[in-house]
Structures are given as C-alpha cells and as structure tokens.
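Trainee: I would like a close look at a single part of this model, and I would be glad of one connected answer that starts there and then moves on to the surroundings.

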Amino acid sequence: SPSSFILASIPGLEAAHLWISILLCSMYILAVTGNCVVMLIVKTEPSLHVPMYFFLCMLAAIDLSLSTSTVPRILSFYWFDTREISFGACLVQMFLIHTLSAIESTVLLAMAVDRYVAICHPLRHAAILTNTMTAKIGLVAMARGVLFFLPLPLLLLPLPFCSSRMLSHSFCLHQDVMNLACANTTPSMVYGLTAILLVMGLDAILICLSYVLILKAVLRLASWKERVKVFSTCVAHICVVLAFYVPLIGLSVVHRFGKDLAPLVHIIMGNVYILVPAVLNPIIYGVRTKEIQ
C-alpha cells in the first residue's frame with residue numbers, strides 16, 4: 001500500500017485557490033451554524049420533542065459530521081498546500097463519508113414513513129412512532145450504515161497500488177481509491193455497487209412508494225384546499241430528499257461513465273455532494289416549517 005495519496009486540485013485555477021477556499025469556508029460555516037441552530041431549537045422547545053423533529057436533529061447531526069470529516073481537510077489543502085493524505089487517513093475518511101451517507105439515506109426513509117403514517121393513519125401515529133421507536137430507528141440506521149460500508153476499506157487494504165497516487169477529488173471515495181489499484185478489483189467493485197443499491201437504492205424506492213401511497217390518500221380528500229394543506233406538510237421533506245439524492249446520483253454517474261470528463265467536473269460534483277445538502281437542509285426546514293421559524 002502507498003504511504004499517501006495526492007488530493008486533486010482544480011486545474012487551471014491555482015491562482016484562485018484563496019477565493020475558492022473562502023467560498024468553501026463560507027458554505028461550511030453556514031452549514032455548521034444552520035444545523036447547530038436546528039438542533040438547539042429542537043432541544044430547547046418541548047413542543048418539538050416529537051419524531052419528526054428528532055429525525056430532523058439526526059439529519060442535522062449527520063450533515064455536521066459529514067461536512068466536518070471532509071471540509072477542514074479540503075481547506076488545509078487550499079490554505080497550506082498540503083495535498084497529501086496518508087493511506088490510513090484516506091481509508092478512515094472514505095469509511096466515514098460512505099457510512100454517514102448511508103445513515104442519512106435511512107433517516108430520510110424514516111422521515112418519509114413518518115409522513116405516511118401521519119397522513120394515512122393519523123389516529124395511530126402517536127402509538128406507532130413513539131420517542132422510543134424513534135431512538136431505535138436511529139440506532140438501526142447507524143448499525144446499517146456501519147455494517148454495509150465497513151467492508152469497503154477492508155477490501156482495499158490488501159490490494160497493491162500503482163505508481164500513480166493522484167485522486168480525482170479533494171477527499172477520498174471508494175471508487176476513486178479503488179481505481180488506483182494494480183490488481184483485480186472486481187470483488188471490491190461488486191460489493192461497493194451492491195451496498196449502494198441495497199442501501200441508497202432500496203431507500204429511494206421505498207421513499208417513492210411511500211409518496212405514492214400519500215398521494216393516493218391526499219387525492220381521496222374532498223376539497224382541493226384540504227389536499228394542498230395536507231401535502232404541503234411533505235414539501236420540506238421532498239426538497240431535502242432531492243438535495244441528497246440528486247448530487248449522489250450525479251456523482252455516481254460521473255464516476256461510472258465520466259472518465260473522459262474534465263477533472264473540474266469531478267471536483268465540483270464531489271464538493272456539491274458533500275456541502276450542498278448540509279447547507280440546504282436547515283434552510284429548507286427553516287423556510288417551510290412554522291415551528292422552526
């Protein structure tokens with residue numbers, strides 16, 4: 001195994017590293033501030049101690065952890081030109097990124113189920129989704145993420161790597177590191193794809209299914225005004241789901257089919273995937289939720 005990897009910089013924009021770092025730092029500060037404010041509001045306001053807002057706190061904590069595991073290292077690269085990251089640190093960062101993304105996907109699914117039960121079975125909502133059940137769902141989400149994505153760095157450990165140590169992102173991703181190996185990476189590739197399909201892919205399908213059932217229930221309401229009022233409670237969650245899955249799908253497509261694309265595309269898609277959901281989620285819920293306002 002190599003002692004270190006070299007993080008990618010934006011080609012042709014070396015002179016603008018300071019301005020790029022200021023932009024990234026501003027987004028990171030906004031993400032940290034917004035998510036901390038959401039968690040503080042939910043903690044201090046007893047009326048928000050319900051499953052929907054506990055899930056929102058979980059989402060904020062995940063976004064904080066995901067951005068903190070990557071952005072400070074990216075900023076040190078732009079500020080101090082520390083382009084190298086050790087092999088061990090790279091594997092740890094890779095594990096954190098994929099595991100936290102899996103946990104976030106599970107929490108988004110739980111929030112979709114919460115909306116389904118609240119709309120389709122309102123009288124049973126309090127009995128089904130208790131605070132204890134919410135805590136258990138959070139623990140299951142953590143265990144699911146760790147169990148599915150812990151094998152990824154373990155599968156890379158025994159592989160020999162080529163002389164090239166240049167990554168295509170400013171942080172470590174499984175597909176990116178795996179492409180630098182000089183051995184058969186089929187087991188690692190198959191497992192990585194299977195894990196993503198069984199976690200993010202399955203969650204996306206179940207979220208869509210929950211909204212199909214919600215739409216059926218909404219359309220059975222008598223007046224158009226009632227339909228809009230009920231479905232408006234789901235708008236914030238739909239926006240958050242899109243903010244998570246659109247960058248995820250875009251990054252996956254770039255990795256699978258964009259080998260001939262300019263390096264700038266890979267770096268921008270990676271940074272969007274890491275920062276945009278963390279920045280947007282507290283803004284979306286702050287704008288769309290009267291209780292948070």
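How do the residues of the lining of the largest pocket divide into nonpolar, polar and charged?

Mentor: Please keep in mind throughout that this is a predicted model. The lining of the largest pocket divides into 17 nonpolar residues, 9 polar residues and 1 charged residue. The space in this pocket comes to about 500 Å³, and of the 27 residues that line the pocket, Ile196, Leu248, Leu251, Ser252 and Arg256 are the closest to its centre. Two or more lining residues are given by each of the helices α4, α8 (174-178), α9 (186-219) and α11.

One of these elements, α8, holds a residue that can be described in some detail, namely His174. His174 counts as buried because its relative accessibility is 5%, which falls under the 20% cut-off. Its side chain makes a polar contact with the side chain of Ser188, at 2.7 Å. Leaving aside residues up to four places away in sequence, His174 touches Ser188 together with Met94, His98, Leu152, Leu156 and Gly192.

The enclosed space is a separate matter from the open pocket. A search of the whole structure for cavities of 30 Å³ or more finds 1, and about 60 Å³ of space lies in the largest cavity. The residues that line this cavity are Met52, Phe55, Met111, Asp114, Arg115, Thr233, Ala236, His237 and Tyr285; by class, 5 of them are nonpolar, 2 are polar and 2 are charged. At least two lining residues come from each of α2 (51-68), α4 (87-120) and α11 (235-257), and the largest share, 3 residues, is supplied by α4. Both α4 and α11 thus appear in the lining of the cavity and in that of the pocket.

Helix α4 also leads to the aromatic rings. The count of aromatic pairs comes to 5, and one of them joins Phe5 and Phe87, whose ring centres are 5.8 Å apart and whose planes stand at 45°, a tilted arrangement. This pair links distant parts of the chain, since Phe5 belongs to strand β1 (residues 4-6) and Phe87 to helix α4, with their positions 82 residues apart in sequence. Phe5 has a relative accessible area of 0% and is therefore buried, and Phe87, with a relative accessible area of 9%, is buried as well. Another pair is formed by Phe77 and Tyr78: with centres 4.9 Å apart and planes at 45°, this pair is also tilted, because an angle that is neither under 30 degrees nor over 60 counts as tilted. Phe77 and Tyr78 are both buried. Beyond single pairs, Phe5, Phe87 and Phe161 are linked into a cluster by ring pairs.

A last point concerns a loop rather than a helix. Glu45 is found in the loop between α1 (17-44) and α2, and its relative accessibility of 35% is the reason why Glu45 counts as partly exposed. Although Glu45 and Ile292 are 247 residues apart in sequence, their C-alpha atoms are 9.6 Å apart in space.

Definitions and conventions
Residues numbered from 1 in each chain as written. Predicted model: local features only at pLDDT ≥ 70, side-chain atom pairs only at ≥ 80, totals over all residues. Heavy atoms only, no water. 1 Å grid on protein atoms, 1.4 Å probe; cavity = no way out; pocket = protein on both sides within 12 Å on 5 of 7 lines; lining within 4 Å. Points joined across faces, edges and corners; volume = space filled by probe spheres on them. Helix = DSSP H or I, 4+ residues; strand = E, 2+ residues; numbered from the N terminus. Nonpolar A, V, L, I, M, F, W, Y, C, P; charged D, E, K, R; others polar. Phe/Tyr/Trp six-rings, centres within 6.5 Å; stacked < 30°, edge-to-face > 60°. Buried < 20%, exposed > 50% of the residue type's maximum accessible area, 1.4 Å probe, protein only. Polar contact = N/O pair within 3.5 Å; in protein donor to acceptor, adjacent residues only side chain to side chain. Contact = heavy atoms within 4.5 Å.
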